[in-house]
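Trainee: Got a minute to go through this one with me?
Mentor: Yes. Put it on the screen and we will start with the pockets.

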Amino acid sequence: MNFKELLGSDLFLTIAALEPPKGVDTSGFLKNADRLKGRVQAVLVPEMSGAIMRMGSLGASGLLKNKGIETILSMNCRDRNRLALQADMLSAAAFGLKNLFISEGDDIKSGDHIEAQDVRDLDATGLLEAAKKLQKGIDLSGNELSGSPDFCLGSEVNAGLKDGAREVEIVKMEKKIQAGAQFFITPTQYDLKAFIDFTARVAPFKVPVFPQVTILKSVGMARFMCRHMDGVMIPDEIFDRLAKAPDKAKEGIAIAADMIRALKDVCPGVLLVAIGEEGRLAEVLDLL
């Protein structure tokens, strides 16, 4: 089954994120992909996450598609205007890349080209609406297409926000669903109770929400994420496990696996992320 079909199944889905290389040497990228093939239901290919210049998601996703790996292509609103975004979506469809993950894109100032200019001609909801129109056979200006694509569309939702900010996020989520979103992925989640509360709140939408589980390498990494990433909360017991562990990297693998096991009863799947160490994704899968 393809990813769209899997969304409607009872299978707990594991998605893994693989960053494209910063350069044209794809050997490491493809080696990590081979380790995941047949062990995850899809691979998400980020589009210059952290505003770090890398090979584009479209090219890297094509490489995975050629290896028979179900791929989720990332597209963000930061770097291209509506002309280029629509063109890239048509290109993706022509290459058989049907799963799209739509996001706003990380802040340019957090990356390695801080002199670059934000575009943001469309926001995430607008880009979802553009994809929806393309599927109806017209572009954003109402011009007819010669053949229309068929996408499975996803977007981001921050399940870790609190109080009024969470309610605003839920309103945005509902608008994205109306614009065509068929699944959502959250930022890093380690507060199980907070995530359960969020999923209960949005259950009437009947749209799958996949929490991101990021492999923690150290106490410092966990603290940085809590301080600098909106909606990321890591409970004290996680800090205690990392602090007491003689091998913190190994403990981070075990913590990620434990979190995924706990999530199996509350959501349809997860996105597994290993920042800068994608070779360790398979180590988590070995424990499941």
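**Pocket, barrel and strand E4**

Mentor: The second largest pocket holds about 240 Å³ of space. Keep in mind that this is a predicted model.

Trainee: Which residues are closest to the centre of that pocket?

Mentor: Asn-2, Glu-70, Gly-96, Lys-98 and Asn-99 are the closest, out of 14 residues that line the second largest pocket.

Trainee: And how many of the lining residues are nonpolar, polar or charged?

Mentor: Four are nonpolar, five polar and five charged.

Trainee: Switching to the fold. In what order do the strands close into a barrel?

Mentor: The order is E1-E2-E3-E4-E5-E6-E7-E8, eight strands with parallel pairing. On average, neighbouring strands are turned by 25° against each other, ignoring direction.

Trainee: What packs on the sheet at E3 and E4?

Mentor: Helix H4, residues 82–94, touches strand E3 (71–76) and strand E4 (99–103). The direction of H4 makes about 170° with that of E3.

Trainee: How many bridges are there between E3 and E4?

Mentor: Five, in the parallel sense. In one of the pairs, Asn-76 has Ser-103 in E4 as its bridge partner.

Trainee: Are the residues of E4 buried or exposed?

Mentor: Five of its five residues are buried. Asn-99, Phe-101 and Ser-103 point one way from E4, while Leu-100 and Ile-102 point the other way. Side chains in a regular strand alternate between the two faces of the sheet.

Trainee: Last one: how many bridges join E7 to E8?

Mentor: Three bridges join strand E7 (residues 209–214) to strand E8 (residues 269–273), and the two run parallel. Thr-214 stands opposite Val-273 in E8.

Notes
Residues are numbered from 1 along each chain as its sequence is written. This is a predicted model: local features need pLDDT of at least 70, side-chain atom pairs count only at pLDDT 80 or more; totals for chains, interfaces and linings use all residues. Side-chain values use heavy atoms; hydrogens and water are left out. On a 1 Å grid over the protein atoms alone, a cavity is a set of points where a 1.4 Å probe fits but cannot get out, and a pocket is an open set with protein on both sides within 12 Å along at least five of seven lines; lining residues have an atom within 4 Å of a point. Grid points are joined across faces, edges and corners, and a volume is the space filled by probe spheres set on the points. Ala, Val, Leu, Ile, Met, Phe, Trp, Tyr, Cys and Pro count as nonpolar, Asp, Glu, Lys and Arg as charged, and the others, Gly among them, as polar. Two strands pair if DSSP finds at least two bridges between them. Helices (H or I, at least four residues) and strands (E, at least two) are DSSP runs, numbered from the N terminus. Axes are lines fitted to C-alpha atoms, for helices over the stretch in contact, and angles run from 0 to 180 degrees between N-to-C directions. Contact means heavy atoms within 4.5 Å. Buried means under 20% relative accessible area, exposed over 50%, partly exposed in between (1.4 Å probe, protein chains only).
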